[in-house]
Structure formats: structure tokens, C-alpha cells
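These are my notebook entries on aromatic contacts and enclosed space. I began with the open space and then turned to the rings.

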Amino acid sequence: MNNSQNEALEVLQETSRTFYIPITLLPSQLQEAVVSAYLCMRAIDEIEDHPGLDNPTKAFLLRRVSETLQEGTDKLRLNAFSEMATYQNVLPEVTLRIQEWALLAPQTIWPRIWDTTAAMADRMAYWAHRNWEINTEADLDRYTFSVAGTVGLLLSELWMWYDNTRTNRIEALGFGRGLQAVNILRNHAEDLKRGVDFFPNGWSEAQMHAYARQNLSLADAYTNSLPQGPVLDFCAIPLALAHATLDALSQGEAKLSRTAVMGIIEGISSQRRLIHRDILQTGGIPK
């Protein structure tokens, strides 16, 4: 593992307790591609959610990220994202180093990661411009597609690129959208304090819970269709955490405790290790 990959994993560990462990379990090349995609998307997510930037600034920076990624390889190898320098004391490290993350994956998958990140940044800019005003379920669908559903679709393409694993795209969309809906519920009180409400007009928490469970059911179908291997290993942990978080919120808890998170991660990791051991010993997938 080279220094760039080591540094990327260190930044990943600082920014995500949910995805760090499943990503580190991925094989080389696929790991580099997923780390690149995750950190690029986390970089723009930090702009969208930044408490110290006004909405016009967020929209400007997000559009510039999108435009730079669309310009392609030559620009990215030079002094790309120069606008970030003005905000070097404001933006987090993961955002300031987006140029490095964009060039981290194997070159054969670069364009797909750039395309998805550019599209997501442009859509985030649109939502920042309108102050994330969500009035209807259709608005909610558009927002969750913009910032998370497309992540599920990108993952499907990464799996195809790596070992020709084929997945249902509608279910992949539900995987990303379901995880985002759980995040919306978990962060609802905090979002309201900053003047943002992702609930459609008149929606109760029960309706948002139903929306999340509907999409998580698609995510379940998505993971159940995956063969044993690194792709399933990656998807199992965040999905289990999403279900557990939703259950905890339904019982009136503010969030899933860190002890519960680590217990779920360790339980699934142990289960995956046992399955892989059985595969190696028997020469096939256990019934």
C-alpha cells in the first residue's frame, strides 16, 4: 500500500466510523476506487453541510468542483480546485484535498467517479441555492436521489468494473436512498436548528420512518442478491447500521450508541470471516 493510500485511509477513518471498516476489508484496486469515490463525495458533502458558509458560497464552490471534474485529467493534474485556497482556514482537510482523492482510484475507473461526483456537486449546488426547500414527497425523492441514490448506482458500476458483479439498479438506488433517509431522521432536530427541514410539508416522523423502511427493503433485496465476496462484505455493515439506527429512533433514542455500533460492526465482521473460512475449507459457498 503506497503513502497516498495510507493517508487516504487515515482521513477516511477520521470522517466515517460507518464506512472505514468495510472499506478496509476490500481487496486492492477495488479499495482504492471506493476510497476515492467516498472521499470525493465526503469532500462535497462537507461543503453542503458547512455551518460557517452561506448558501451562495456553498453553491459557488460546489459548481466549481463540478466544472473542474468535468474538465478532466489534464486540469486535475495541475492546480485544480484553486478556489478552495480562499477557504483553507474554513474547509476541512477532506475537502481541501479533493484533488488527491480524485486521482487515487485506478485510472480505468477515474471518469466514472468524476462524473458521479460532478453530477452530485451540481445537484447539491441547486439544493443549497433553494435552501433545501422540500415541500412534497417528490421533492424528497429528488433530494435523496441527488445526494445518495446516485451513490448506490455508482457502487453498482464499481462492482461491475471490478469483477463483473451485476446488480439491480432500482434496488441499488434504494440502498443509497434508504441510508440517506435514516440520516435525515437521525439529524432532524439538528437540521431544524440551522433552518433546514428535509421532511415534506405536513409529514410526521412516522411517515419519514415509513419512507426509510420502504427504501431499506429495496436495500435488503439488493444485498440479498449479491454473491459471497467483497461486495457483499462492504454493503452488509452500513445496511445493518441503518436498520439498527432506525429501530433505535423508533424507540425514542436520539441515535445508536457507539457501543451498539461497534457491536454490530464486530458481529458482522466476524460472521463474514467465518463464511470466508468455510468457503476456503469446502471449496464452495455454504448452503
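Entry 1, terms. I took a pocket to be an open set of points on a 1 Å grid with protein on both sides within 12 Å along at least five of seven lines. The model I searched is predicted.

Entry 2, the largest pocket. I looked up its volume and found about 1,500 Å³. The lining comprises 46 residues, and the closest to the pocket centre are Arg42, Asp45, Gln180, Asn183 and Arg186. I then asked which helix gives the most to this lining. Helix 3 does, with nine residues. I noted that helix 3, helix 8 (110–129), helix 9, helix 10 (169–186), helix 11 and helix 13 (230–250) each supply at least two lining residues. Sorted by class, the lining of the largest pocket holds 26 nonpolar, nine polar and 11 charged residues.

Entry 3, the cavity. I searched the whole structure for cavities of 30 Å³ or more and recorded one. The largest cavity contains about 40 Å³ of space. I listed its lining as Leu61, Arg64, Val65, Thr68, Phe81, Glu83 and Met84. By class, four of these lining residues are nonpolar, one is polar and two are charged.

Entry 4, aromatic pairs. My search of the whole structure returned 10 aromatic pairs. I examined phenylalanine 19 and tyrosine 38, whose ring centres are 5.5 Å apart; their planes meet at 45 degrees, so I entered the pair as tilted. Phenylalanine 19 is in the loop between helix 1 (3–15) and helix 2 (20–24), whereas tyrosine 38 is in helix 3 (residues 30–49), and the pair links these distant parts of the chain, 19 residues apart. Are the two residues buried or exposed? I found both phenylalanine 19 and tyrosine 38 buried.

Entry 5, a second pair. I next looked up tyrosine 143 and phenylalanine 198, which form a stacked pair with 4.8 Å from centre to centre and 25 degrees between the planes. Tyrosine 143 belongs to helix 9 (residues 137–163) and phenylalanine 198 to the loop between helix 11 (188–193) and helix 12 (205–224), so this pair ties together parts 55 residues apart in sequence. I recorded tyrosine 143 and phenylalanine 198 as both buried.

Entry 6, further ring contacts. I found that Phe19 and Tyr38 belong to one aromatic cluster with Trp159 and Phe234. I also noted a charge over a ring: arginine 194 lies over the face of tryptophan 132, 5.7 Å from the ring centre.

Terms used:
Residues numbered from 1 in each chain as written. Predicted model: local features only at pLDDT ≥ 70, side-chain atom pairs only at ≥ 80, totals over all residues. Heavy atoms only, no water. Phe/Tyr/Trp six-rings, centres within 6.5 Å; stacked < 30°, edge-to-face > 60°. Helix = DSSP H or I, 4+ residues; strand = E, 2+ residues; numbered from the N terminus. Buried < 20%, exposed > 50% of the residue type's maximum accessible area, 1.4 Å probe, protein only. Lys NZ or Arg CZ within 6 Å of the ring centre and 35° of its normal. 1 Å grid on protein atoms, 1.4 Å probe; cavity = no way out; pocket = protein on both sides within 12 Å on 5 of 7 lines; lining within 4 Å. Points joined across faces, edges and corners; volume = space filled by probe spheres on them. Nonpolar A, V, L, I, M, F, W, Y, C, P; charged D, E, K, R; others polar.
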